[in-house]
Amino acid sequence: VISTLAFYVLAVVAVASGLTVIRHRNPVVGALFLVVTLGCVAGLFFLMGAQFLGVVQLLVYAGAIVVLIVFMIMLLNLPREEGMPTGKIQGTLAVVLGLLFLSFLVRAALAYRPELPGPFLAVGPEGYGKVAQVSGGLFGPYFFAFEAISLVLIVAMAGAILFAKRDL
Amino acid sequence: MPALLASIGWEVEPTHFLILSGVLFLLGVAGVLTRRGVITMLMSIELMLNAANLALVTFSRSLPAGMPGVDPAEGQVVVFFVIALAAAEAAVGLGIVYALFRLKGSTDADLANLMKW
């Protein structure tokens, strides 16, 4: 019952703050509510037992990415009016197409009925979400992908420096 | 609608997580489509990546354990990669935002028309 309640609270808070992210005119406020949404998703990870991913989510997303975004907003000293919603036609079209797409997603989600050994949040696979399990995957079958990620990070770093350089 | 609600039920199932993930993804899509500020669009992209992560963790958690060829670590490894790629994307994206701001003095996405023929 506690986990059911926790799920609904986290879900409502995540959606509400996500809505604020895309609606608020001041990007700083949007970034702060983005932290709330990411924290709620991390809480959902914990709820499902994926502890390692929850911690990584908090560290990397809330700790690094959002700080980078806030830093950039303050560096650019953006005016409040930045990011005015675009024209009415585009907005309504986005809402209509979005709801259509959402109905497809909900249909697909309703069709997903896996056979579970017990209540979803109570009984999980053995050792699920522990660091040992994730690292067993990372340094086992996905070792080369893991190394490729480090290459991607280096390339991204070089690219960011390249973009920010004053004269090339 | 009542039939839909009845089929979902009160007890939390993987379906609930998937629907929540769909809603979060849609929020991200709407943000990218309706906003003009590049930074807000970047934050919406982060929302979408998070929704995908949530769906991936839900799937990996609800896999039937002990079946041959099924590894609950796989979904989590993919989520780990997505988080790492999101960090790289944020770095490059903010670099582009900075370059755009330096060239145009604003972060309005409509001003980014340098590569128009």
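Biologist: How much area does chain B expose, and what percentage of it do carbon and sulfur atoms supply?

Modeller: Keep in mind that this is a predicted model. Chain B exposes about 5000 Å². As for the carbon and sulfur atoms, their part of that exposed area is 72%.

Biologist: What is chain B built from, helices or strands?

Modeller: From the N terminus on, its elements run α-α-α-α. That fits the count for chain B, which has zero strands and four helices.

Biologist: Of the 117 residues of chain B, what percentage count as buried?

Modeller: To be buried here, a residue needs under 20% relative accessible area. Among the 117 residues of chain B, the share that counts as buried is 51%.

Biologist: And which percentage of the contacts in chain B join residues at least 24 apart?

Modeller: Take the contacts between residues at least 6 apart in sequence as the pool. Within that pool, the share joining residues at least 24 apart is 51%.

Biologist: Is B:Arg61 buried or exposed?

Modeller: B:Arg61 sits in helix H3 of chain B. From B:Leu26 it is 35 residues away in sequence and 23 Å away in space, C-alpha to C-alpha. Its relative accessible area is 5%, so B:Arg61 is buried.

Biologist: Which residues of chain A does B:Thr58 touch?

Modeller: B:Thr58 is also part of helix H3 (residues 38–61) of chain B, and it counts as buried because its relative accessibility is 0%. Leaving out residues up to four places away in sequence, its partners in its own chain are B:Pro14, B:Phe17 and B:Leu18. On the other chain, B:Thr58 touches A:Met48 and A:Phe120.

Biologist: What area is buried between chain A and chain B?

Modeller: The contact takes 84 residues from chain A and 72 residues from chain B. Carbon and sulfur atoms give 76% of the buried area, which comes to about 7300 Å².

Biologist: Which residues of chain A lose the most area to chain B?

Modeller: Together they make up 9% of what the chain A side buries. One of them, A:Phe120, has already come up as a partner of B:Thr58. The residues are A:Ile22, A:Tyr112 and A:Phe120.

Biologist: How many salt bridges does the rule find across the interface of chain A and chain B?

Modeller: The rule looks for a side-chain nitrogen of Lys or Arg within 4 Å of a carboxyl oxygen of Asp or Glu. Across the interface of chain A and chain B, the count is zero.

Biologist: Why are the buried residues of H5(A) on the same side, and what arc do they cover?

Modeller: In helix H5 (residues 131–138) of chain A, the buried residues are A:Gln133, A:Val134, A:Gly137 and A:Leu138. They share a side of H5(A) because their arc around the axis is only 135°.

Biologist: What do those buried residues of H5(A) pack against?

Modeller: The other side of H5(A) has A:Val131 and A:Ala132, both exposed. The buried residues pack against one helix of chain B, H4 (72–104), and two of chain A, helix H3 (51–76) and helix H6 (143–164).

Biologist: Which helix supplies the largest share of the nonpolar patch?

Modeller: The patch on the surface is formed by A:Leu5, A:Val9, A:Val13, A:Phe33 and A:Val36, with about 380 Å² of accessible area together. A:Phe33 belongs to helix H2 of chain A and is partly exposed, at a relative accessible area of 32%. Helix H1 (2–23) and helix H2 (27–47) of chain A each give at least two residues. The largest share, three residues, comes from H1(A).

Key. Residues are numbered from 1 along each chain as its sequence is written. Chains are lettered from A and ligands numbered from 1 in the order in which they are written. This is a predicted model: local features need pLDDT of at least 70, side-chain atom pairs count only at pLDDT 80 or more; totals for chains, interfaces and linings use all residues. Side-chain values use heavy atoms; hydrogens and water are left out. Buried means under 20% relative accessible area, exposed over 50%, partly exposed in between (1.4 Å probe, protein chains only). The arc is that of the directions from the helix axis to the C-beta atoms. Contact means heavy atoms within 4.5 Å. Patches are made of residues with over 30% relative accessible area and no salt bridge: like charges are joined within 9 Å, nonpolar side chains (Val, Leu, Ile, Met, Phe, Trp, Tyr) within 5 Å. Accessible areas come from the Shrake-Rupley method with a 1.4 Å probe; for residues, only the protein chains shown count as cover. Buried area is the accessible area (1.4 Å probe) that two parts lose on being put together, summed over both.
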